[in-house]
Amino acid sequence: MNSTHLLRPALLWLALQTSVVAQHPLPDRDKVHADPPAITVIEHVNVVTMVDGGAPLMDATVVIANGRITALQGPIPDGAVRVDGSGKWMIPGFTDMHVHIPSDGFMGPKKHPTQGPDLHLNVQDLMTPYLANGVTQVFNLDATAGSMAQRNLIERGDVLGPHMALAALIDGGEGQGRRVNSPAEGRQCVRDAQAEGYEFIKVYSELDTATYRAILEEAALRRMKTVGHIPDAFQKDLAAAFQPNFGMVAHAEEFSKHSADFTEADALRFAQLARQGGTWVTPTLTTIRWMRQRIRSLDELRALPSLKYMHPLIQQKWLKANHYNRDFNAEDADHFDRMVLFQARLVKAFQEAGVPIVAGTDAGTSGVVPGFSLHDELELLVAAGLTPREALAAATRLPAVWLGVDQERGTIAVGKAADLVLLDADPLADIANTRRIHGVMLNGRWLDRATLDAMLLDLAAWNTANRDRFSWPPKR
Ligand SMILES: [Zn+2]
């Protein structure tokens with residue numbers, strides 16, 4: 001399956017009924033954006049540190065000063081703002097390791113070279129669903145210059161949103177975007193991506209084997225990790241795809257494509273290939289489940305409570321131009337049913353083989369709502385056989401290690417950045433408790449439930465009020 005689901009602004013062929021999209025202020029903007037207090041203390045809280053093997057710290061006193069954790073026990077400093085954490089459970093902020101985030105783009109005909117985008121997306125609105133769900137870091141697997149602009153707004157503090165890792169996507173053949181069809185072109189493209197400021201490389205389905213190999217080699221020389229699809233050119237020799245510096249497979253589906261009958265033997269073989277290659281896996285179980293649902297019917301998507309947090313245009317795209325619903329049939333649905341089961345089996349096989357699994361959702365694809373979907377993925381990982389602790393590690397500690405930011409975040413320890421989630425109940429007892437968010441701390445800024453709810457309410461209200469201003473053509 002070639003997931004050309006990416007919302008690339010340059011490829012959007014929508015008709016904007018109005019060319020200027022009004023921005024709207026945040027609720028309580030002053031409250032949300034005011035400088036956080038120098039010192040915040042969360043008292044009497046149970047801390048799931050996610051440090052490997054560590055037991056929860058019960059009734060801890062977490063001191064946060066200037067955006068960092070400075071103590072997990074001990075006295076409360078003078079002048080600290082105190083948050084009551086009695087009966088609550090603290091965990092590190094979540095990472096979604098596979099997302100797509102749209103940015104401003106050109107929709108109508110370009111009239112002159114200095115014209116600006118005619119679709120403006122409110123960056124806070126794009127980030128609010130992540131933040132409200134405790135997702136404080138994301139890995140954008142098809143980043144653009146627009147993504148960098150978003151990253152900069154967030155890191156400067158103008159927008160409250162997740163830290164972003166950005167991968168430049170490289171494809172071959174007649175694919176979209178950066179297209180390379182020789183080893184020399186592949187190497188140059190990696191060098192260009194690094195020069196443009198990307199930290200990671202995403203390899204894609206239509207690369208030929210020699211070009212793919214050259215990209216991995218050049219990226220290794222430049223200390224850039226790679227993630228991506230297994231190019232179709234490896235259909236006859238899957239093992240050959242697992243070369244040094246193939247850092248992570250972006251979907252379990254990339255393996256499923258290489259199994260004719262979804263056997264146990266295939267699951268074990270794939271797990272060994274990943275293990276021997278030192279390749280991690282982002283299963284994206286939630287996106288394959290949604291593909292299966294969408295082939296059968298759009299009813300679940302239409303009724304999805306979090307649909308209202310998507311931009312009106314995206315809602316229309318999902319409901320009126322749904323590729324899987326339109327172009328697949330009942331036989332395909334049966335195939336997807338078996339693939340859903342096989343991919344759960346794959347997760348267990350990877351885990352047993354010692355292949356690190358990280359949580360990614362493919363947020364931005366139909367049905368996969370940013371932030372909310374991370375909790376779906378955690379539940380699916382546990383249903384596939386991970387323990388709640390393993391699933392939590394897949395969304396906290398392990399992504400930080402893969403991205404090379406584990407000195408900064410991913411666990412709760414003195415010196416780490418204060419990106420934290422406070423839950424109403426123990427996530428180790430029931431993974432569904434990750435949805436029960438009492439508040440989120442981002443860079444030391446405490447956002448309580450009421451603030452998060454106000455941000456979500458504002459977003460949904462704007463999307464609903466502006467629904468009729470956008471239209472997505474049903475078919476080109
Ligand atoms: Zn994707």
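Here is a short exchange about a predicted model, centred on helix α5.

Colleague: What makes the chain as compact as a globular protein of its length?

Modeller: Start with the parts: 16 helices and 18 strands. The radius of gyration is 22 Å, and the globule rule gives 23 Å for 476 residues. The two values are close, so the chain is as compact as a globular protein of that length.

Colleague: How do you know that the span of α5 is close to what is expected?

Modeller: Helix α5 covers residues 209-221, which is 13 residues. The expected span is 1.5 Å times one less than that number, or 18 Å. From first C-alpha to last, α5 reaches 19 Å. That is close to the expected value.

Colleague: Why are Tyr212 and Leu216 in α5 called buried?

Modeller: A residue is called buried because 20 or more other C-beta atoms lie within 10 Å of its own. Tyr212 and Leu216 are buried, and so are Thr211, Ala214, Ile215, Glu218 and Ala219. The cover over the buried residues of α5 includes β9, α4, β11 and β12.

Colleague: How do you know that β11 and β12 pair?

Modeller: Pairing takes at least two bridges between the strands. β11 and β12 have four, in the parallel sense. In one place, Lys202 stands opposite Val227 in β12.

Colleague: And what makes β12 and β13 a pair?

Modeller: The cut-off is at least two bridges, and β12 and β13 have two, again parallel. Gly228 has Val249 in β13 as its bridge partner.

Colleague: Which handedness does the unit of β11, α5 and β12 have?

Modeller: This β-α-β unit is right-handed.

Notes
Residues are numbered from 1 along each chain as its sequence is written. This is a predicted model: local features need pLDDT of at least 70, side-chain atom pairs count only at pLDDT 80 or more; totals for chains, interfaces and linings use all residues. A residue is buried if 20 or more other C-beta atoms lie within 10 Å of its own, exposed if 12 or fewer, and partly exposed in between; C-beta atoms are placed from the backbone. Two residues are in contact if their C-beta atoms, placed from the backbone, lie within 7 Å. A crossover is right-handed if, with the strands pointing away from the viewer, the path from the first strand over the helix to the second runs clockwise. The radius of gyration is taken over C-alpha atoms; the globule rule is 2.2 Å times the number of residues to the power 0.38.
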